[in-house]
Amino acid sequence: MPLYEYKCEDCGKEFEELVFGDETPECPECKSSNTYKLLSATKFKMSGGSISAPTGSSGGSSCSGCSGGNCSTCG
């Protein structure tokens with residue numbers, strides 16, 4: 001089950017949702033179905049044809065400034 005990030009066009013809320021197929025999730029804030037998928041950054045990198053986590057990373061976010069992982073201080 002892929003986990004995607006979405007944003008609501010009506011209220012501006014950003015949220016994550018497990019999505020099956022071509023489903024469009026409902027906003028948890030205002031219950032609108034007017035949402036769109038955000039382009040997500042990943043913490044993995046390609047190296048020589050294989051995917052690996054960055055050096056020194058345990059796979060989790062070390063950011064303590066936000067919970068979304070999208071701010072400029074997240075690594």
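This report walks through the strands, the core, the cysteines and one loop of a predicted model.

**The overall picture**

Let us begin with the chain as a whole. There are 75 residues in the chain, and 15% of them are buried. The secondary structure consists of five strands and zero helices, so reading from the N terminus gives the pattern β-β-β-β-β. Among the contacts with a separation of 6 or more, 28% come from residues that lie 24 or more positions apart.

**The sheet**

Three strands form an open sheet in the order β2-β1-β3, and their pairing is antiparallel. On the edges sit β2 and β3, each of which pairs on one side only. From one strand to the next, the twist averages 40 degrees.

Strand β1 covers residues 3-8 and is joined to β2 by five bridges. On its β3 side, β1 has three bridges, again in the antiparallel sense. If you would like to trace the register in your viewer, L3 has L18 as its bridge partner in β2, and Y4 stands opposite E17 of that strand. Towards β3, K7 is bridged to Y36.

The hairpin of β1 and β2 has five residues between the strands, and G12 there takes a positive phi near 85 degrees.

**The core and the cysteines**

Which residues make up the largest nonpolar core? Five residues do: Y6, C8, F15, V19 and C27. As a general background, nonpolar side chains in soluble globular proteins tend to be buried together. Looking at one core member in detail, V19 touches P2, Y4 and Y6, leaving out residues up to four places away in sequence.

Two of the residues in that core are cysteines, C8 and C27. C8 counts as buried because its relative accessibility is 2%, and C27 is likewise counted as buried because its value is 1%. How many disulfides does the structure hold? The number is zero. For C8, which is in no disulfide, the nearest cysteine sulfur belongs to C30 and is 3.6 Å away. C27 is in no disulfide either, and its nearest cysteine sulfur, that of C11, is 3.6 Å away. The cut-off for a disulfide is a pair of sulfur atoms within 2.5 Å, so a separation of 3.6 Å does not qualify.

**The loop between β2 and β3**

The loop from β2 (14-18) to β3 (35-37) deserves a stop of its own, and S32 is one of its residues. Is S32 buried or exposed? S32 counts as buried, because its relative accessibility is 11%. Its side chain reaches the backbone nitrogen of N34 at 2.9 Å. Beyond its neighbours up to four places away in sequence, S32 touches C8, D10, P25, E26 and C27. Two of these, C8 and C27, are also members of the largest nonpolar core.

E29 is found in the loop between β2 and β3 as well. With a relative accessible area of 55%, E29 is exposed. Setting aside neighbours within four places in sequence, E29 is in contact with C11 and K13. E29 and F15 are 14 residues apart along the chain, and their C-alpha atoms are separated by 9.2 Å.

K31 belongs to this loop too. For anyone checking backbone torsions, K31 has a positive phi of about 65 degrees although it is not a glycine.

Here are the accessibility values for the residues discussed above.

| Residue | Relative accessibility | Class |
|---|---|---|
| C27 | 1% | buried |
| C8 | 2% | buried |
| S32 | 11% | buried |
| E29 | 55% | exposed |

**Putting it together**

To recap, β1 sits between β2 and β3 in the sheet order, and the largest nonpolar core includes Y6, F15 and V19 along with C8 and C27. In the loop between β2 and β3, S32 is buried at 11%, whereas E29 is exposed at 55%.

Conventions:
Residues numbered from 1 in each chain as written. Predicted model: local features only at pLDDT ≥ 70, side-chain atom pairs only at ≥ 80, totals over all residues. Heavy atoms only, no water. Helix = DSSP H or I, 4+ residues; strand = E, 2+ residues; numbered from the N terminus. Buried < 20%, exposed > 50% of the residue type's maximum accessible area, 1.4 Å probe, protein only. Polar contact = N/O pair within 3.5 Å; in protein donor to acceptor, adjacent residues only side chain to side chain. Contact = heavy atoms within 4.5 Å. Pairing = 2+ DSSP bridges. Axes fitted to C-alpha atoms, helices over the stretch in contact; angles between N-to-C directions. Core = buried A, V, L, I, M, F, W, Y, C linked by side-chain atoms within 4.5 Å.
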